[in-house]
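Let's take a walk through this protein together, beginning at its ligands and working outward to its loops. Keep the structure open beside you as you read.

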Amino acid sequence: MEHKEKKFFPLFVDFTQKRAVVIGGGKIAVRRIQTLLTFVGEITVIAPACTESVKTLCQKGKIIYKQKKFEAEDIENADLVLAVTDNHALNEEIYKICKENNILVNVASNQEKCDFHFPGILEYENVVIGFNGCGKDHKKVAV
Ligand SMILES: C[C@@]1(CC(=O)O)C2=NC(=C\c3[nH]c(c(CCC(=O)O)c3CC(=O)O)Cc3[nH]c(c(CC(=O)O)c3CCC(=O)O)/C=C3\N/C(=C\2)[C@@H](CCC(=O)O)[C@]3(C)CC(=O)O)/[C@H]1CCC(=O)O
Ligand SMILES: NC(=O)c1ccc[n+]([C@@H]2O[C@H](COP(=O)([O-])OP(=O)(O)OC[C@H]3O[C@@H](n4cnc5c(N)ncnc54)[C@H](O)[C@@H]3O)[C@@H](O)[C@H]2O)c1
């Protein structure tokens, strides 16, 4: 199946009873964790070093933080995985492991290695709006 213009369908998925594992605890990971907090049942962050906000979220009991380098066993029970380290080769290795194990995965450094794109999200009252720019201009979907 070939698609000339790749477009992603905006599926609104129930992750409230699911486990997300975020590999990496830097600037982009934190932005995405903040967005995911109210949507996902459990968020675990794996990173040898992280920003202060990851530590604070962990102290408040909102996420689990494991201060360590990634190992395959970290995603054994994951329902979705975000590969957000600054090591692009490692991100792609994580992608490969996820594909072998049928785990939904997003690689922040390579839009071709994404089962789903991370959207820009706008929320008001009970409305959730997700933006995606088809990978063409990331800044265009900043909210
Ligand atoms: C919406 C948002 C959500 C979020 O990230 O939270 C988002 N990117 C945002 C910003 C942003 N991204 C990048 C910069 C740096 C400047 C620049 O390059 O422009 C900035 C600006 C900033 O950070 O301020 C760099 C970048 N982004 C991707 C790659 C890899 C690639 O394209 O292959 C690289 C190169 C990395 C590198 O090589 O270093 C890939 C993806 N980024 C996506 C989402 C997915 C769908 C995009 C779409 O809708 O088209 C997609 C395709 C896949 C995915 O990752 O899911 C967020 C909006 C901000 C907000 O809302 O505040
Ligand atoms: N999609 C987007 O929106 C977007 C925007 C900018 C950058 N990026 C990409 O996102 C990635 C992260 O960018 P950043 O600015 O958050 O980087 P950063 O340097 O702030 O953070 C990197 C994180 O990766 C962790 N890490 C490094 N090696 C690891 C390992 N072996 N196991 C587990 N964790 C490890 C570090 O400890 C750190 O927490 C980069 O690959 C970059 O290309 C994506």
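Around ligand 2 there are 24 residues, and those that come nearest are Gly24, Gly26, Ile28, Phe70 and Ser109. Two helices take part in this shell: H1, covering 27-36, and H3, covering 88-100, each supply at least two of its residues. By chemical character, the shell around ligand 2 holds twelve nonpolar, nine polar and three charged residues.

Now turn to ligand 1, which is surrounded by 23 residues. The closest of these are Gln111, His117, Phe118, Gly133 and His138. Helix H1 appears here too, giving the most to the shell around ligand 1 with three residues. This shell is made up of nine nonpolar, ten polar and four charged residues.

Before going further, please keep in mind that this is a predicted model. The mean pLDDT of the chain is 96, and 100% of its residues reach 70 or more. For the model, the scores are ipTM 0.95 and pTM 0.96.

With that in hand, let's look inside the protein. The largest nonpolar core consists of 29 residues, and Val22, Ile23, Val45, Val81 and Ala83 are the ones with the most contacts inside it. Several elements give two or more residues to this core: the strands E1 (19-23), E2 (42-46), E4 (80-83) and E5 (104-107), together with the helices H1, H2 (52-59) and H3.

Strand E1 is a good place to pause. It is largely enclosed by the rest of the structure, because four of its five residues are buried. Strand E1 runs parallel to E2, and five bridges join the two. Within this pairing, valine 22 has valine 45 of E2 as its bridge partner; both residues are also among those with the most contacts inside the core. What does isoleucine 23 touch, leaving aside its neighbours within four places in sequence? Its contacts are Ile46, Phe70, Val81, Leu82, Ala83, Val84, Thr85 and Ile94. One of these contacts, Phe70, is already familiar as a residue that comes nearest to ligand 2.

Strand E2 also contains glutamate 42. Is glutamate 42 buried or partly exposed? Glutamate 42 is partly exposed, because 16 other C-beta atoms lie within 10 Å, whereas a residue needs 20 or more to be buried. From glutamate 42 to alanine 29 is 13 residues in sequence and 15 Å in space, C-alpha to C-alpha.

Next comes a hairpin. Strand E6 (residues 120-124) and strand E7 (residues 127-131) pair in the antiparallel sense over five bridges. One of the pairings places glycine 120 opposite its bridge partner in E7, phenylalanine 131. Two residues lie between the strands of this hairpin. Glutamate 125, in the loop between E6 and E7, has a positive phi of about 45° although it is not a glycine. Glutamate 125 is exposed, because 5 other C-beta atoms lie within 10 Å and the limit for being exposed is 12 or fewer.

Where else can you find a residue that is not a glycine with a positive phi? Asparagine 102 has a phi of about 55°, and its place is in the loop between H3 and E5. With 7 other C-beta atoms within 10 Å, asparagine 102 is exposed.

Terms used: Residues are numbered from 1 along each chain as its sequence is written. Chains are lettered from A and ligands numbered from 1 in the order in which they are written. This is a predicted model: local features need pLDDT of at least 70, side-chain atom pairs count only at pLDDT 80 or more; totals for chains, interfaces and linings use all residues. A residue is near a molecule or strand if its C-beta atom, placed from the backbone, lies within 6 Å of it. Ala, Val, Leu, Ile, Met, Phe, Trp, Tyr, Cys and Pro count as nonpolar, Asp, Glu, Lys and Arg as charged, and the others, Gly among them, as polar. pLDDT is the predictor's confidence in each residue, from 0 to 100. Two strands pair if DSSP finds at least two bridges between them. A nonpolar core is a set of buried Ala, Val, Leu, Ile, Met, Phe, Trp, Tyr and Cys residues joined through C-beta atoms within 7 Å. Two residues are in contact if their C-beta atoms, placed from the backbone, lie within 7 Å.
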